Amino acid sequence: MNNILIDYNLFTIYGKEYFLKHKIVPIKEDDISLDLLVCKESKLTNINNDFNKVLKFKEIEINDLLFLLSFIDIKINLYELAKNSISKINSNDLFVEKFLKVIVNLCIETRASDIHIEKYSKLVLFRFRVDGKLKIFFTFNIELLKVLSSHIKLISNLDITQTRLPQDSRFSININNDIYDFRVSTMPTIDSESIVIRILDKKNINKSIEDLGLSTNVFSILKDALKLTQGLILITGPTGAGKTTTLYSILQELNSNEKKIITVEDPIEYKIDSISQIAVNTKVGLSFELILRNILRQDPDIIFIGEIRDKFSLDMALQASLTGHLVLASIHSNNAVETISRLMDLNADPFLISSTLKLVLAQRLVLNYCKFCDAKGCEKCNYTKYYDRSCLAEVLSIDENISSMIFKKEDINEIKKYLKSINFKTMIDDGKQKVSLNITSIEEVFKAVNY
């Protein structure tokens, strides 16, 4: 029910306190009728006497209704700004600018990582990704999309007239005397344009490894591995599993005046002081391959490779690990053991893998029960019953036995058998432990870990 156009003027006309008190959401009205959203808990006694209209009711779940009523003052403000932004009477530039500031501020307040601005029928939807899940926070007439798109492109130094090709850039906004950075991506769709704004929240890079929500045993093994001066440490998992946050936390842990750390990233999302960060820029010929070929001449102690994506980047990571460097990287695979198969699939030398690979941390993010309402649903958790996420992880330390099995190219099932014999803790085991501690639900664990 969130993808409907609500006339927020009705909250002003009839008084927002009435709707909040009675748990009712007005949608639209004409001279004869008034459409209302209600729930089982709505107070409807004598409601016909309160409005001199024919009332039309549609029932929804209480948490859906309370979500529509949440941040009501902000939504009323957004509605007014949106109306003025598309008005032919006003000079609308100022209203569009204010609208973007307010929607971005709401995004920050609700801890969203991204805003998705996209067409749906005759509406433009503003969907926020909070704790990995998308939820519609605001809707308006489709006319708003064009003027907002032009303004976002203008402040991002993009071509305002270009709607047929994807574009990406950045912009910054001053909100309450704090400068916030955003990455923007525009993409043509079949009959419109999709805009995604990523909030580059510095809180993510300021997380220490203690703040990742790792279980005690996982944390302990990882902490010990970070004492190594050479070798390869891999963080693995699908997109959205929190790999970047974990890697940045590790970099913060390792960062010191006595070590030279170089990163190769595409793109650089966050700047870390005293670390040499290199951004891939194919437009000027600064390719991933060129950087990796020359990186050792910079005499680094620690190298961070954003992602191992092919045989070349893997070979370079292995060679650097073998020649006295600690290399950190991410790679896509289902779990810790299958990471070894993934390395083999990239035709890496088994001797190099067995000699250099020290640790694989596989992870997922799982939703935590809301601590503010004890998982009943409140404004803090956007009436989802969950707030924030923890890291489910399994950590594979490459001991002499596993190293020998890799060198001999033994079947991956043999490694799995060995891990069972030493009571290896999987992500599912880690998840069950978090369920026993009442951090999350077993349903969320199986949603996050689906292999």
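The legends below describe a predicted model in several close-up views.

**Figure 1. The whole chain, with its 17 helices and 16 strands.** Residues are numbered from 1 along each chain as its sequence is written, and side-chain values use heavy atoms, with hydrogens and water left out. Because the model is predicted, local features need pLDDT of at least 70 and side-chain atom pairs count only at pLDDT 80 or more, while totals for chains, interfaces and linings use all residues. Helices (H or I, at least four residues) and strands (E, at least two) are DSSP runs, numbered from the N terminus. The C-alpha trace spans about 80 × 50 × 40 Å along its principal axes, and of the 451 residues in the chain 48% are buried, where buried means under 20% relative accessible area, exposed over 50%, and partly exposed in between (1.4 Å probe, protein chains only). The accessible surface of the chain comes to about 22,300 Å², and 49% of that surface belongs to carbon and sulfur atoms; such areas come from the Shrake-Rupley method with a 1.4 Å probe, and for residues only the protein chains shown count as cover.

**Figure 2. Strand S2 between its partners S1 and S3.** Two strands pair if DSSP finds at least two bridges between them. S1 and S2 are paired in the antiparallel sense through 4 bridges, with valine 25 opposite leucine 37 in S2, and a hairpin of 3 residues joins S1 to S2. S2 also pairs with strand S3 (residues 54–59), here in the parallel sense and over 6 bridges, and valine 38 has glutamate 59 of S3 as its bridge partner. In S2, 6 of its 6 residues are buried: Ser33, Asp35 and Leu37 lie on one side, and Leu34, Leu36 and Val38 on the other.

**Figure 3. Helix H4 and the elements packed against it.** Helix H4 (residues 62–69) is largely enclosed by the rest of the structure, because 6 of its 8 residues are buried. These are Asn63, Leu65, Leu66, Phe67, Leu68 and Leu69, and they pack against helix H1 (9–14), helix H2 (16–22), strand S1 (25–29), strand S2 (33–38), helix H5 (72–85) and strand S6 (133–141), contact being heavy atoms within 4.5 Å. H4 is followed by phenylalanine 71, which has a positive phi, near 50°.

**Figure 4. An open sheet of 7 strands and helix H12 across it.** The strands follow the order S12-S11-S13-S14-S10-S15-S16, with mixed pairing. Strand S12 (276–279) and strand S16 (386–397) are the edge strands, each pairing on one side only, and the twist from one strand to the next averages 20°. Strand S11 (residues 261–265) runs parallel to S12 and is joined to it by 4 bridges, with valine 264 having isoleucine 278 in S12 as its bridge partner. Helix H12 (residues 336–345) lies across strand S10 (231–236), strand S14 (326–331), strand S15 (357–369) and S16, and runs at about 130° to S15; axes are lines fitted to C-alpha atoms, for helices over the stretch in contact, and angles run from 0 to 180 degrees between N-to-C directions.

**Figure 5. A nonpolar surface patch that includes leucine 154.** Leu154, Ile155 and Ile160 form this patch and together have about 240 Å² of accessible area. Leucine 154 belongs to helix H7 (residues 143–155), and counts as exposed because its relative accessibility is 53%. Patches are made of residues with over 30% relative accessible area and no salt bridge (a side-chain nitrogen of Lys or Arg within 4 Å of a carboxyl oxygen of Asp or Glu), with like charges joined within 9 Å and nonpolar side chains (Val, Leu, Ile, Met, Phe, Trp, Tyr) within 5 Å.
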